[in-house]
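Trainee: I would like to take a close look at a single part of this model and to see how that part fits into its surroundings. Could you take me through it step by step?

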Amino acid sequence: TCMPADSTINLRLILVSGKTKEFLFSPNDSAADIAKHVYDNWPMDWEEEQVSSPNILRLIYQGRFLHGNVTLGALKLPLGRTTVMHLVARETLPEPNSQGQRNREKTGESNCCVIL
């Protein structure tokens with residue numbers, strides 16, 4: 001499906017290994033939709049990082065894990081522009097409450113992925 005560039009969001013996804021690939025999505029696509037699309041269209045040069053299921057793919061945007069039902073539109077991403085996100089394989093997401101406590105204890109470490 002071809003969509004006009006000014007109504008799409010170009011996501012540059014970065015793996016832990018540093019490999020990147022760009023995908024086009026619409027603002028209505030959710031994090032779960034993106035994970036499924038990437039899983040179904042897994043790039044050839046990402047073969048070593050292939051995962052067993054789309055359900056363990058997680059997106060990280062500005063240092064935060066995106067929950068599956070969050071849409072790109074809800075994140076106010078700029079249309080027609082490239083947004084960088086990290087793609088990681090994780091079975092479970094940390095609970096928001098426990099994450100907050102951990103961050104307070106280890107303040108120095110939690111700043112690694114925050115883009116100012």
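Which residue in β2 is the bridge partner of Ile14?

Mentor: The bridge partner of Ile14 in β2 is Thr20. Before going further, please keep in mind that this is a predicted model, in which local features need pLDDT of at least 70 and side-chain atom pairs count only at pLDDT 80 or more, while totals for chains, interfaces and linings use all residues. Residues are numbered from 1 along each chain as its sequence is written, and side-chain values use heavy atoms, with hydrogens and water left out.

Strand β1 covers residues 9-14 and β2 covers residues 20-25; here strands (E, at least two residues) and helices (H or I, at least four) are DSSP runs, numbered from the N terminus. The two strands run antiparallel and are joined by 6 bridges, where pairing requires that DSSP finds at least two bridges between two strands. Together β1 and β2 form a hairpin with 5 residues between them, and in its turn Gly18 has a positive phi of about 100 degrees.

β1 also pairs with β5, in this case in the parallel sense and over 5 bridges, and within this pairing Leu13 stands opposite Met85 of β5. Because 5 of its 6 residues are buried, β1 is largely enclosed by the rest of the structure; buried means under 20% relative accessible area, exposed over 50%, and partly exposed in between, with a 1.4 Å probe and protein chains only.

This brings us to the largest nonpolar core, a set of buried Ala, Val, Leu, Ile, Met, Phe, Trp, Tyr and Cys residues joined through side-chain atoms within 4.5 Å. The core has 22 residues, and those that touch the most other members are Leu11, Leu13, Val38, Met85 and Leu87. Two or more residues come from each of β1, β2, α1, β3 (57-61) and β5 (82-89), with the largest share, 4 residues, coming from α1. In soluble globular proteins, nonpolar side chains tend to be buried together.

Leu87 shows how several of these parts meet: leaving aside its neighbours within four places in sequence, Leu87 is in contact (heavy atoms within 4.5 Å) with a list of residues that includes Leu13, Ile14, Val38, Trp42, Trp46 and Leu59. Thus the residue with which we began, Ile14, is bridged to Thr20 in β2 and is also among the contacts of Leu87.
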